[in-house]
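Me: Could you take me through one part of this model closely, and then place that part in the chain as a whole? I would like the cut-offs spelled out along the way.

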Amino acid sequence: PAGDFIQTAVLGSLMGRSLGEFLKTFFPHVNPSLYSLIGAASFSGGAIQSISAAVVLMEFTVTFVLEVPVLVAVLISYAISRTQGLNIYDTVMKLNGLKSLQGLKFDREAVAKKKAGDIMRNNFKSVQSETTVGEAIELLED
């Protein structure tokens with residue numbers, strides 16, 4: 001699902017701008033482009049279920065005038081999205097038959113006592129720049 005963040009931001013921006021244009025008919029002082037930014041952050045935050053969408057979009061625009069409205073909108077969409085199900089990435093994993101990490105159960109006490117070395121793998125196979133394609137394929141088949 002690479003590239004889904006931009007698509008959700010564009011869709012949210014379109015919805016926010018539409019709302020801004022609608023409100024402008026009743027309130028002429030409304031700036032629809034501000035609603036566009038809030039909509040982009042809100043829709044993205046809900047789709048990926050993360051408040052990092054607010055931070056990313058605030059960095060894109062280099063404006064911090066809308067910090068509070070953007071964060072409030074993202075938190076609301078995040079909260080609503082969490083009650084409805086998985087985020088966009090976990091949904092794609094589930095559709096492809098892969099297990100999602102969300103809702104994964106584990107014994108916290110047992111994990112807390114483990115050391116990093118207990119769960120690390122050290123039998124990695126590496127490919128050097130001199131490795132031929134045939135050798136790389138053999139490594140993958142093993």
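What follows is a walk along one helix and its end, and then a look at the whole chain.

Me: Please look closely at helix H2 and the residue that follows it, Gln49.

Reply: Happy to. First, the ground rules: this is a predicted model, in which local features need pLDDT of at least 70 and side-chain atom pairs count only at pLDDT 80 or more, while totals for chains, interfaces and linings use all residues. Residues are numbered from 1 along each chain as its sequence is written, and side-chain values use heavy atoms, with hydrogens and water left out.

Helix H2 covers residues 32-48. Helices here are DSSP runs of H or I with at least four residues, strands are runs of E with at least two, and both are numbered from the N terminus. At 1.5 Å a residue, the 17 residues of H2 should span 24 Å, and the end C-alpha atoms are 24 Å apart, so the two values agree. (The expected span is 1.5 Å times one less than the number of residues.) H2 is also mostly covered, with 13 of its 17 residues buried; buried means under 20% relative accessible area, exposed means over 50%, and partly exposed is in between, using a 1.4 Å probe and protein chains only.

Ile48 belongs to H2. Its relative accessible area is 12%, so Ile48 is buried. Setting aside neighbours within four places in sequence, Ile48 is in contact (heavy atoms within 4.5 Å) with Phe5, Ala53, Asn87, Ile88 and Tyr89. Ser81 is 33 residues from Ile48 along the chain, and their C-alpha atoms are separated by 8.8 Å.

Just after H2 comes Gln49, with a positive phi near 50°. Most residues other than glycine have a negative phi. Gln49 sits in the loop between H2 and helix H3 (52-61). At 7% relative accessibility, Gln49 counts as buried.

Now for two residues elsewhere. Leu86 lies in the loop between helix H4 (67-84) and helix H5 (88-95), and it is partly exposed because its relative accessibility is 31%. Leu86 and Phe22 are 64 residues apart in sequence, with 31 Å between their C-alpha atoms. Val111 is in helix H6 (residues 108-113) and, at 43% relative accessibility, is partly exposed too. From Val111 to Thr63 the distance is 42 Å, C-alpha to C-alpha, for 48 residues of sequence.

Finally, the whole chain. It has 8 helices and 0 strands, in the order α-α-α-α-α-α-α-α. The radius of gyration is 22 Å, well over the 14 Å that the globule rule gives for 142 residues, so the chain is more spread out than a compact globule. (That radius is taken over C-alpha atoms, and the rule is 2.2 Å times the number of residues to the power 0.38.) Along the principal axes, the C-alpha atoms fill a box of roughly 65 × 45 × 30 Å. Buried residues make up 26% of the 142 residues. Of the contacts with a separation of 6 or more, 55% are between residues 24 or more positions apart. The accessible surface comes to about 10,600 Å², and 64% of that belongs to carbon and sulfur atoms; the areas come from the Shrake-Rupley method with a 1.4 Å probe, and for residues only the protein chains shown count as cover.
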